[in-house]
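Hi there,

Here is the structure I promised to pass on to you. Have a look at it first, and then read on for what I found in it.

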Amino acid sequence: MNIRRVPFDHPDALKLNDQVQTEYSVRYGDEGDATYLAPEMFKPPVGLYLIAYDDQDRPVATGGWRTQNLNDEGYLDGDAELKRMYVIEELRGRGLARRILAALEEDARAAGRTRMVLETGTKQPEAVALYASSGYEPCAKFGYYRLYETSLCYAKQL
(Lines give C-alpha, C1' and ligand atoms only; values in the text may rest on other atoms or scores of the structure.)
Protein backbone atom coordinates (compact mmCIF):
# COMPACT_ATOMS: atom_id res chain seq x y z
CA MET A 1 0.00 0.00 0.00
CA ASN A 2 1.07 3.52 -0.78
CA ILE A 3 -0.05 6.07 1.83
CA ARG A 4 -0.17 9.66 0.58
CA ARG A 5 -0.88 13.05 2.11
CA VAL A 6 -3.82 14.62 0.29
CA PRO A 7 -6.11 17.60 0.84
CA PHE A 8 -9.37 16.81 2.62
CA ASP A 9 -11.25 17.99 -0.46
CA HIS A 10 -9.24 15.86 -2.92
CA PRO A 11 -11.58 13.89 -5.26
CA ASP A 12 -10.45 10.55 -3.79
CA ALA A 13 -11.04 11.87 -0.27
CA LEU A 14 -14.53 13.00 -1.25
CA LYS A 15 -15.26 9.58 -2.78
CA LEU A 16 -14.16 7.71 0.38
CA ASN A 17 -15.99 10.22 2.59
CA ASP A 18 -19.21 9.49 0.69
CA GLN A 19 -18.65 5.77 1.31
CA VAL A 20 -18.03 6.18 5.04
CA GLN A 21 -21.07 8.46 5.35
CA THR A 22 -23.21 5.80 3.68
CA GLU A 23 -21.89 3.22 6.13
CA TYR A 24 -22.65 5.49 9.11
CA SER A 25 -26.13 6.03 7.73
CA VAL A 26 -26.78 2.30 7.46
CA ARG A 27 -25.36 1.54 10.91
CA TYR A 28 -27.07 4.38 12.77
CA GLY A 29 -30.17 5.00 10.65
CA ASP A 30 -29.41 8.68 10.09
CA GLU A 31 -27.75 10.95 7.54
CA GLY A 32 -24.16 10.12 8.58
CA ASP A 33 -21.67 12.12 10.65
CA ALA A 34 -22.88 15.72 10.98
CA THR A 35 -19.65 17.00 12.55
CA TYR A 36 -18.51 20.15 10.74
CA LEU A 37 -15.25 19.53 8.86
CA ALA A 38 -13.45 21.88 6.47
CA PRO A 39 -10.40 21.25 4.29
CA GLU A 40 -8.23 23.79 6.15
CA MET A 41 -8.64 21.77 9.37
CA PHE A 42 -6.47 19.04 7.86
CA LYS A 43 -3.67 21.19 6.42
CA PRO A 44 -0.26 20.78 8.09
CA PRO A 45 0.80 21.82 10.64
CA VAL A 46 -2.70 21.94 12.20
CA GLY A 47 -3.79 18.60 10.79
CA LEU A 48 -3.18 15.94 8.18
CA TYR A 49 -5.25 13.80 5.83
CA LEU A 50 -4.04 10.50 4.40
CA ILE A 51 -5.28 8.09 1.77
CA ALA A 52 -3.92 4.59 1.18
CA TYR A 53 -3.82 3.43 -2.43
CA ASP A 54 -3.54 -0.17 -3.59
CA ASP A 55 -1.18 -1.44 -6.29
CA GLN A 56 -3.71 -0.37 -8.94
CA ASP A 57 -3.70 3.19 -7.56
CA ARG A 58 -7.24 2.76 -6.22
CA PRO A 59 -8.05 4.72 -3.01
CA VAL A 60 -8.86 2.12 -0.36
CA ALA A 61 -8.44 3.65 3.09
CA THR A 62 -8.41 7.05 4.72
CA GLY A 63 -7.91 8.92 7.96
CA GLY A 64 -6.98 12.32 9.29
CA TRP A 65 -6.36 14.39 12.37
CA ARG A 66 -7.18 17.99 13.19
CA THR A 67 -6.07 20.31 15.98
CA GLN A 68 -8.36 20.80 18.95
CA ASN A 69 -7.83 22.90 22.06
CA LEU A 70 -9.79 23.64 25.22
CA ASN A 71 -13.36 24.55 24.31
CA ASP A 72 -16.97 24.09 25.38
CA GLU A 73 -17.27 20.78 23.49
CA GLY A 74 -14.95 19.04 25.96
CA TYR A 75 -11.62 19.13 24.11
CA LEU A 76 -8.39 19.88 25.97
CA ASP A 77 -5.38 21.96 24.99
CA GLY A 78 -3.00 19.87 22.91
CA ASP A 79 -5.62 17.52 21.51
CA ALA A 80 -5.41 16.05 18.01
CA GLU A 81 -8.77 14.66 16.92
CA LEU A 82 -8.88 11.60 14.71
CA LYS A 83 -11.46 11.84 11.91
CA ARG A 84 -12.71 9.77 8.96
CA MET A 85 -10.86 6.54 9.62
CA TYR A 86 -12.20 4.21 6.96
CA VAL A 87 -11.17 1.14 4.98
CA ILE A 88 -13.22 -0.17 2.05
CA GLU A 89 -15.05 -3.33 3.00
CA GLU A 90 -13.14 -5.80 0.80
CA LEU A 91 -9.77 -4.80 2.31
CA ARG A 92 -10.67 -4.78 5.99
CA GLY A 93 -8.70 -6.94 8.39
CA ARG A 94 -5.37 -6.41 6.60
CA GLY A 95 -3.84 -3.81 8.91
CA LEU A 96 -4.53 -0.74 6.77
CA ALA A 97 -6.33 1.19 9.49
CA ARG A 98 -3.55 0.37 11.95
CA ARG A 99 -0.91 1.71 9.52
CA ILE A 100 -2.83 4.91 8.91
CA LEU A 101 -3.46 5.34 12.64
CA ALA A 102 0.27 4.99 13.42
CA ALA A 103 1.18 7.54 10.73
CA LEU A 104 -1.41 10.01 12.04
CA GLU A 105 -0.20 9.60 15.63
CA GLU A 106 3.41 10.16 14.56
CA ASP A 107 2.51 13.29 12.62
CA ALA A 108 0.36 14.75 15.42
CA ARG A 109 3.16 14.11 17.92
CA ALA A 110 5.66 15.85 15.60
CA ALA A 111 3.25 18.81 15.34
CA GLY A 112 3.34 19.20 19.13
CA ARG A 113 0.00 17.62 19.95
CA THR A 114 -0.02 15.76 23.27
CA ARG A 115 -3.15 13.62 23.11
CA MET A 116 -4.98 11.88 20.27
CA VAL A 117 -8.74 11.74 20.81
CA LEU A 118 -11.52 10.13 18.82
CA GLU A 119 -15.22 9.59 18.88
CA THR A 120 -16.79 6.42 17.56
CA GLY A 121 -20.05 4.70 18.31
CA THR A 122 -21.61 1.64 19.84
CA LYS A 123 -22.49 0.28 16.38
CA GLN A 124 -18.84 0.23 15.28
CA PRO A 125 -17.34 -2.69 17.23
CA GLU A 126 -14.47 -3.09 14.74
CA ALA A 127 -13.37 0.49 15.41
CA VAL A 128 -13.63 0.02 19.16
CA ALA A 129 -11.46 -3.11 18.93
CA LEU A 130 -8.84 -1.33 16.79
CA TYR A 131 -8.54 1.61 19.16
CA ALA A 132 -8.50 -0.51 22.32
CA SER A 133 -5.75 -2.72 20.88
CA SER A 134 -3.80 0.41 19.89
CA GLY A 135 -3.65 1.79 23.44
CA TYR A 136 -6.70 4.06 23.46
CA GLU A 137 -8.72 4.27 26.65
CA PRO A 138 -12.25 5.55 27.30
CA CYS A 139 -12.32 9.24 28.24
CA ALA A 140 -14.84 11.97 29.03
CA LYS A 141 -17.14 12.58 26.09
CA PHE A 142 -16.39 15.48 23.77
CA GLY A 143 -17.38 16.83 20.38
CA TYR A 144 -20.57 17.06 18.38
CA TYR A 145 -22.00 13.73 19.61
CA ARG A 146 -20.99 14.04 23.28
CA LEU A 147 -24.61 14.01 24.45
CA TYR A 148 -25.60 10.95 22.39
CA GLU A 149 -26.00 7.60 24.16
CA THR A 150 -24.38 5.79 21.22
CA SER A 151 -21.23 7.94 21.40
CA LEU A 152 -17.98 6.44 22.68
CA CYS A 153 -14.90 8.62 23.20
CA TYR A 154 -11.30 7.46 23.54
CA ALA A 155 -7.92 9.09 24.12
CA LYS A 156 -4.24 8.18 23.97
CA GLN A 157 -1.31 10.22 25.22
CA LEU A 158 1.13 10.98 22.43
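Glu 106 and Ala 110 are exposed, on the other side of helix α2 from its buried residues, which are Leu 96, Ile 100, Leu 101, Leu 104, Glu 105, Asp 107 and Ala 108. Seen down the axis of α2, those buried residues fall within an arc of 165°, so they line one face of the helix. Please keep in mind that this is a predicted model.

How far apart should the ends of α2 be? At 1.5 Å a residue, its 15 residues should span 21 Å, and the end C-alpha atoms are indeed 21 Å apart, which agrees. Just after α2 comes Gly 112, with a positive phi of about 95°.

Now for the sheet. It is an open one of seven strands, in the order β1-β2-β3-β4-β5-β7-β6, and its pairing is mixed. At the edges stand β1 (2-5) and β6; each has a single partner strand, so one side of each is left without a neighbour in the sheet. Two helices to look for here are α1 (residues 11-28), which packs on the sheet and touches β2 (47-53), β3, β4 and β5, and α3 (residues 125-133), which packs on the sheet and touches β4, β5 and β7. The direction of α1 makes about 85° with that of β4, while the direction of α3 makes about 160° with that of β5.

Strand β4 (residues 79-87) deserves a look of its own. Nine of its nine residues are buried, so the strand is largely enclosed by the rest of the structure. With strand β3 (residues 59-68), β4 pairs in the antiparallel sense over seven bridges, and you can find Gln 68 opposite Asp 79 of β4. With strand β5 (residues 115-121), β4 pairs in the parallel sense over three bridges; there, Glu 81 has Val 117 of β5 as its bridge partner. To get from β4 to β5, the chain crosses through α2 (residues 96-110), and this β-α-β crossover is right-handed.

One last stop: Thr 150, in the loop between β6 (137-138) and β7 (151-157). Is this residue buried, exposed or partly exposed? Thr 150 is partly exposed, because its relative accessible area is 31%, and partly exposed covers the range between under 20% and over 50%. Leaving aside neighbours within four places in sequence, Thr 150 is in contact with Tyr 28, Thr 120, Gly 121 and Thr 122. Its C-alpha atom is separated by 7.6 Å from that of Lys 123, which is 27 residues apart from Thr 150 along the chain.

Enjoy exploring!

Terms used. Residues numbered from 1 in each chain as written. Predicted model: local features only at pLDDT ≥ 70, side-chain atom pairs only at ≥ 80, totals over all residues. Heavy atoms only, no water. Buried < 20%, exposed > 50% of the residue type's maximum accessible area, 1.4 Å probe, protein only. Helix = DSSP H or I, 4+ residues; strand = E, 2+ residues; numbered from the N terminus. Pairing = 2+ DSSP bridges. Right-handed = clockwise from strand over helix to strand, strands pointing away. Expected span 1.5 Å × (residues − 1). Arc of directions from axis to C-beta. Contact = heavy atoms within 4.5 Å. Axes fitted to C-alpha atoms, helices over the stretch in contact; angles between N-to-C directions.
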